[in-house]
Amino acid sequence: MNGYREIMYYIFDNLNYMYVTGLLAEIVAVIYFFYSQREKRALALLIGPAIALVAYSLDKAVETDREQIVAVTEKLVDASVTPNTGTMLGTFHDDINASGLNFDQLTSLILKYFAENKPFSSNKVKTIEVLSTDPDRAEAEFTAITVFNPQGNLSGGLVNSRWSFLYKKDSNNRFKIS
C-alpha cells in the first residue's frame, strides 16, 4: 500500500481507529471535566461523540475502492439468480479477457447460458476478501453459497464455491471485473 491508500484504509475502511481516537478523547474530556475549574467544561464532554459522528459520516459519504469491489461482486452474484444479464454484463470491464474470450464473445456466451439454463435458485456471497485495490489490477476472492435450480440441467444440491476475480477501473473511475 502506498501512503495515501494506507491513510484512506485507516480512515474509511476500518473505523475502529477513529472510534478508539474518539474514546481516548472522551477519557481526556472526562478527566478535564472533573479537574477543571472553568465554566464551559461540560462542553468538552462532547468531543468523543463528535469524533465518532464525524467518522461515521465520512464512512457513509465516501465509497472506498474496497467498497466498490465488494459492491460489484455482490451485484454480479445477485444478478446471476434472476438472471439479469444486463446487470451482470454491466459489472464487466470493456477490456475483459476471460479464457481467451473478448467482451463481445463473453457477452454472447453469458446471455445464451443464463437465458437457456436459469441455473441458480439462490446464490449468496458468504465472504469477500479484497486482496488488492490497485486501480490497474485489483483482486478479490469470495465464497458463494449456491443452490441450483431443481428444473435446470445442473439440478439439485448446494454448492459452496470459492472464486477469484481481477478488477480494473473504467473510464468513470469505477471498478469492474476484468
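This is a short tour of the chain, with something to select at each stop.

**The whole chain**

Start with everything shown as cartoon, and keep in mind that this is a predicted model. Colour by secondary structure and you should find six helices and four strands. Follow the chain along its sequence and the order reads α-α-α-α-α-α-β-β-β-β. Switch on a surface next: the accessible area comes to about 11,200 Å², with 57% of that belonging to carbon and sulfur atoms. Of the 178 residues, 31% are buried. As for contacts with a separation of 6 or more, residues 24 or more positions apart account for 51% of them.

**Helix α2**

Now select residues 16-35, which is helix α2. Its 20 residues reach 29 Å from the first C-alpha to the last, close to the 28 Å expected at 1.5 Å a residue. Which residues of α2 are buried? Show side chains for Glu26 and Ala29, and mark Gly22 as well; those are the buried ones. Turn the view to look down the axis of α2: the buried residues fall within an arc of 65°, so they line one face of the helix. The spacing fits a general rule. An α-helix has 3.6 residues a turn, so residues three or four places apart point the same way.

Spin round to the face turned away from the buried side of α2. There you will meet the exposed residues Asn16, Leu23, Leu24, Val28, Phe34 and Tyr35.

**Across to α3**

What do the buried residues of α2 pack against? Add residues 47-61 to the selection: that is α3, the packing partner. α3 has 15 residues and reaches 21 Å from first C-alpha to last, close to the 21 Å expected. Its own buried residues are Gly48, Ala55 and Asp59. Down the axis of α3 they sit within an arc of 35°, so these buried residues line one face of the helix. On the other side of α3, look for Leu53, Lys60 and Ala61, which are exposed.

**Ala79 in α4**

Move on to helix α4, residues 65-79, and pick out alanine 79. Is alanine 79 buried or exposed? At a relative accessible area of 4%, it is buried. Leaving aside neighbours within four places in sequence, alanine 79 is in contact with Asn84, Thr87 and Met88, so display those three. Then draw a distance from the C-alpha of alanine 79 to that of asparagine 123: the two are 44 residues apart in sequence and 9.0 Å apart in space.

**The β3–β4 loop**

The last stop is the loop between β3 (158-169) and β4 (175-177), where you should select aspartate 170. With 18% relative accessibility, aspartate 170 counts as buried. Not counting residues up to four places away in sequence, aspartate 170 touches His93 and Lys176. Zoom in on its side chain, too: a polar atom there lies 2.9 Å from the backbone nitrogen of asparagine 172.

Asparagine 173 lies in this loop as well. Check its backbone torsions: phi is positive, at about 65°, although the residue is not a glycine. Most residues other than glycine have a negative phi. Unlike the buried aspartate 170, asparagine 173 counts as partly exposed, at 46% relative accessibility.

Note on methods. Residues numbered from 1 in each chain as written. Predicted model: local features only at pLDDT ≥ 70, side-chain atom pairs only at ≥ 80, totals over all residues. Heavy atoms only, no water. Helix = DSSP H or I, 4+ residues; strand = E, 2+ residues; numbered from the N terminus. Expected span 1.5 Å × (residues − 1). Buried < 20%, exposed > 50% of the residue type's maximum accessible area, 1.4 Å probe, protein only. Arc of directions from axis to C-beta. Contact = heavy atoms within 4.5 Å. Polar contact = N/O pair within 3.5 Å; in protein donor to acceptor, adjacent residues only side chain to side chain. Areas by Shrake-Rupley, 256 points an atom, 1.4 Å probe, with all protein chains shown as cover.
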